[in-house]
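Q: Could you take me through the surroundings of the bound ligand in this model? I'd like a close look at that one part, and then how it fits with the rest.

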Amino acid sequence: MIDLECRELVKTFDRFTAVDGVSLVVEKGAFFSILGPSGCGKTTLMRMLAGFETPDRGEVRIKGRSMLGVPPNRRPVNMVFQHLALFPNMSVAENVGYGLRRRKTPRVEIHRRVQDVLSRVGLGDSVDKRIDQLSGGQQQRVAIARCLVLEPDVLLLDEPLGALDLKLREHMKVELKKLQSEFGTTFIYITHDQSEALAMSDRVAVMNRGVFEQVGSPQDLYYRPETPFVASFVGENNRWRGRIVHRDLEGRLQVRTEQGMSLYASAAGRGWDRAGQEVEVFVRPEMISLSLSAAHEEMHENRLEGQVVNILFDGSRSQVLVQQHGSDQEVAVNLPQAAEFSGLSEGAPVYLSWPSNRSHAFPFWA
Ligand SMILES: Nc1ncnc2c1ncn2[C@@H]1O[C@H](COP(=O)(O)OP(=O)(O)OP(=O)(O)O)[C@@H](O)[C@H]1O
Ligand SMILES: [Mg+2]
């Protein structure tokens, strides 16, 4: 069952194209995220889905029905805005019941539904509080409850956790995902935070300059990025420039870097990988294994030697910066938790290796 579908949506402001031909299909009950940097057109796209903005071209269908000319309050969607729009002088219950009162729902039913939704978002005992008596995270939950109580088919959330501190965001991430599966509502969720998108979503669209560069599962985006933008926006990467020397039958590329080193990587996409083509090779810090001796059993096709220049301690996410021999390039590698690495210090010689299928080459069009 398809809840929301749009085709070739375009929106321009004066001569600036904010959304440039976006198509998407979201299944009922899915958690679909739109991930992209500031200014890439996320809010504009969402405002067209909600009906606050009219597309120049293209079509929006919700539950199979065209939304052309349908005003926001007649669409089976609700939107949680980037900047909270709660009524500060009303109580929590009055805020949450607002939409139902406007729909002329009977008072007894409003009372029951508001109580119900507030206890489901963990605010059952804050019903009579004023908004300014709540923490940021609680206010956020009120904003979400105010939309959920209307039982929309589709809930549009525009960076709902943007204003919260890191700890609270981590907590709300889990809460939101739980709420979504409990209510079974289709969520379309905007964020510029890749860890939010990866952790919560069934599918993610990576947006850049008004277009979707790739749509897929979190695993697709992480392990099989199709464009350099996706590879660098989703997670971290080390990069090398070079030229293709050879492509073998399995599609594995041998690349000679500018420093004269050989790297092996899989080609992202097809049809461009001829010998001599200039490429950029990407590999994530967490895909590289670090060892203290050259004769380590876990050696892969890609190997390089270097010296530790810096250790960036961050608990389980600590990284080591390694200066590659014969090059001025530094390579970031995750620091393994094993005891043998606990005494690692600056200047120590280390050996890095990683498999070709964990490394991606993209054509580099200078
Ligand atoms: N009403 C408008 N008039 C003119 N330009 C606009 C208007 N609304 C948005 N834009 C422009 O369109 C582009 C996309 O804006 P949008 O708000 O969709 O970005 P966003 O991806 O939501 O960014 P952020 O993550 O910062 O919220 C921006 O360059 C913005 O300046
Ligand atoms: Mg925005």
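**Around ligand 1**

A: Happy to! Let's begin with the make-up of the shell: the residues around ligand 1 divide into four nonpolar, eight polar and one charged. Please keep in mind that this is a predicted model. In total, 13 residues surround ligand 1, and the closest are Phe13, Ser38, Lys42, Thr43 and Thr44.

Two elements stand out here, as strand 2 (16–27) and helix 1 (42–50) each supply at least two residues of the shell. Helix 1 is the biggest contributor, giving three residues.

Following strand 2 away from the ligand takes us into a sheet. Four strands form this open sheet in the order 2-1-4-5, with antiparallel pairing. Strand 2 sits at one edge and strand 5 (65–66) at the other, each pairing on one side only. Further in, strand 1 (residues 2–13) runs antiparallel to strand 4 (residues 57–62), and five bridges join the two. One position to look at is cysteine 6, whose bridge partner in strand 4 is valine 60.

Now for the wider setting. The largest nonpolar core has 90 residues, and those touching the most other members are Leu49, Val96, Ala145, Leu156, Val206, Val281 and Ala361. Helix 4 (residues 136–148) provides the largest share of this core, six residues. Because domain 1 (2–231) and domain 2 (238–363) both give residues to the core, it lies between them. For a local view, try alanine 145: leaving aside neighbours within four places in sequence, alanine 145 is in contact with Val96, Val117, Leu118, Val121 and Leu123.

Methods:
Residues numbered from 1 in each chain as written. Chains lettered and ligands numbered in written order. Predicted model: local features only at pLDDT ≥ 70, side-chain atom pairs only at ≥ 80, totals over all residues. Core = buried A, V, L, I, M, F, W, Y, C linked by C-beta atoms within 7 Å. Buried ≥ 20, exposed ≤ 12 C-beta atoms within 10 Å, placed from the backbone. Domains from an automatic or database assignment. Contact = placed C-beta atoms within 7 Å. Near = placed C-beta within 6 Å. Nonpolar A, V, L, I, M, F, W, Y, C, P; charged D, E, K, R; others polar. Pairing = 2+ DSSP bridges.
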